[in-house]
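Me: Hi! I've got a structure open here and would like to talk it through with you. Could you help me with the sheets and the ligand site?

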Amino acid sequence: MKYVSTRGGAPALGFRETLLAGLASDGGLYVPDAWPSIRHGASDAPFARRAAEIMGGFVDGEIPQPILEALCSEAFSSFRDPLVAPLRELGENRWLLELFHGPTLAFKDVALQFIGRIFDHVLTQRGERITVVGATSGDTGSAAIDGVKSCRNVEMVILYPKGRISEVQRRQMTTIDSGNVHAVAVDGTFDDCQDLVKAMFNDAPFRERHRLSAVNSINWARVMAQVVYYFTAIEQLHAVESTPVSFSVPTGNFGNVLSGWIARHLGANVGHLIVGSNSNDILTRFLETQSMTASRVVATMSPSMDIQVSSNFERLLFEMNSRDGRATARQMADFRSSGSLSVTSEQFGRWIRPVFRGQRCNDADTLSMISRMHREHGVLVDPHTAVGLVATEACAEPDEPVVTLATAHPAKFADAVERATGLRPALPDHLGDLMTRTERFVELANDLATVQGFVASVSATR
Ligand SMILES: *Cc1c(COP(=O)(O)O)cnc(C)c1O
């Protein structure tokens, strides 16, 4: 199996090269050149074994199956629940899929705990070291740091906007006592941090000298790892051959829901994919209008979905264009210049209408859903999960089985939960002393030369 770029202008790569490359050299995203076939069946296998079986179809022998299984075992043993992604029933035909039992309490751990291990394995094999550089507005940074904290061949520098992320989020990054991770407080906004990262990647000599790499949400391996829990949720419900199970996904970047689409495309018994947006509703507007139009980001209670452009949508667009990379590249170029992208009625009717539903949700509706879940089911949910639950309610039939993805632990967004319910959810035991641990971080000016100087001083190739 080879991986090809959605823009058709980059060399096809094997799995390991795709993993290390992240973004394709033509600016596109990598996808497999053909979809593998994956066995779907009632299975009592532990999550790690199923994960290795399912991802094995995409790794295609580039990592021997026993090693892949060992990497999965190690990655998923960092989860507090032995099922890794357990279901919780919420009344007739409704479930939550709890994806927040990983070390940093958000669903990104599922992919990033695995990615840290597989990166290190591939780099060790090749005798290489890399410097992962990223910007974060909160959740991604802590999950990425935790994923690579034990890697011998990865140095990581994460920029975050000083004073603009929550204390829990900051402490999850600054209290990791691991010499290879460097949390950097930049005197600026999240956009400033992103611009600094982009500028470092655009500086080709710098990028090559320090072997810069990224683990952001466009990395194929993240999408691949998220496919697993769509299969295992259906298998846990013993619903492989019964009524299809719909999934409601709180999303911003279209990453998680794209993984659901892939699972469905590969034959998992998935019904509808329900997209839950907060007020940054580019995706739900697309479902209404057939056209994707960027607008300003507004801050909400579900900050991990406060994004302007849903980058992973490009992978579905490539399928909708019958895998024509040139056509996709043209559309993306138009989108960059005009801020808008439309698909034809034929494409919409074939790919979108039969599969996707969507609902947006503002902060007031988010709070009332959190409060209702507590009243009616005795469950505390975080604001992202609540957005998914609002979408489930708006889009699903009563007799349609629906699994809503619970993407963060309520304690990660304790202020919102407390506002809605009067209860302050406690951090799980392993983070109980988070607020008193020693913090380690570097403060830098919002200045490219300064930040590059720092990256050079800690880089994997210094
Ligand atoms: C990142 C994140 C999301 C959105 O993920 P997408 O990749 O945009 O689908 C949702 N909820 C939480 C808690 C997150 O951290």
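Me: Let's take the six-strand sheet. What's the strand order, and how is the pairing described?

Reply: Happy to help! Keep in mind that this is a predicted model. The six strands make an open sheet ordered β3-β4-β14-β9-β10-β13, and the pairing is mixed.

Me: Which strands stand at the edges?

Reply: Those are β3 (87-89) and β13 (356-360). Each has a single partner strand, so one side of each has no neighbour in the sheet.

Me: And what's the average twist from one strand to the next?

Reply: The twist averages 25° between one strand and the next.

Me: How many bridges join β9 to β10?

Reply: Five bridges link β9 (residues 245-250) and β10 (residues 270-277), and the two strands run parallel. If you want a pair to click on, Val 249 stands opposite Val 275 in β10.

Me: Which strands does helix α11 touch?

Reply: Helix α11 (residues 282-289) packs on this sheet and touches β10 and β13. The direction of α11 makes about 125° with that of β13.

Me: OK, over to the five-strand sheet. Parallel or antiparallel?

Reply: The pairing is parallel there, in an open sheet with the order β8-β5-β6-β7-β15. The edges are β8 (212-213) and β15 (442-444); each has a single partner strand, so one side of each is left without a neighbour in the sheet.

Me: How many bridges pair β5 with β8?

Reply: Two bridges, in the parallel sense, with β5 covering residues 130-135. Val 132 is opposite Ser 213 in β8.

Me: Which strands does helix α18 lie across?

Reply: Helix α18 (residues 448-458) lies across β5, β6, β7, β8 and β15, running at about 155° to β6. Helix α6 (residues 167-174) lies across β6 (154-161) and β7 (181-186), at about 160° to β6.

Me: Changing topic: how many residues surround the ligand?

Reply: There are 15, and the closest are Lys 108, Asp 139, Thr 251, Asn 253 and Thr 407. By class, the shell has five nonpolar, eight polar and two charged residues.

Me: Which side chains have an N or O atom close to a ligand oxygen?

Reply: Among them are Lys 108, with a side-chain N or O atom 2.5 Å from a ligand oxygen, and Thr 251, where that distance is 2.6 Å. On the backbone side, a polar atom of Asn 256 is 3.2 Å from an oxygen of the ligand.

Me: Nice. How much of the ligand does the protein bury?

Reply: The protein buries 96% of the 380 Å² that the ligand exposes when taken alone.

Technical notes
Residues are numbered from 1 along each chain as its sequence is written. This is a predicted model: local features need pLDDT of at least 70, side-chain atom pairs count only at pLDDT 80 or more; totals for chains, interfaces and linings use all residues. Side-chain values use heavy atoms; hydrogens and water are left out. A residue is near a molecule or strand if one of its heavy atoms lies within 4 Å of it. A polar contact is a pair of N or O atoms within 3.5 Å; within protein, one must be able to donate a hydrogen and the other to accept it, and residues adjacent in sequence count only if both atoms are side-chain atoms. Accessible areas come from the Shrake-Rupley method with a 1.4 Å probe; for residues, only the protein chains shown count as cover. Ala, Val, Leu, Ile, Met, Phe, Trp, Tyr, Cys and Pro count as nonpolar, Asp, Glu, Lys and Arg as charged, and the others, Gly among them, as polar. Two strands pair if DSSP finds at least two bridges between them. Helices (H or I, at least four residues) and strands (E, at least two) are DSSP runs, numbered from the N terminus. Contact means heavy atoms within 4.5 Å. Axes are lines fitted to C-alpha atoms, for helices over the stretch in contact, and angles run from 0 to 180 degrees between N-to-C directions.
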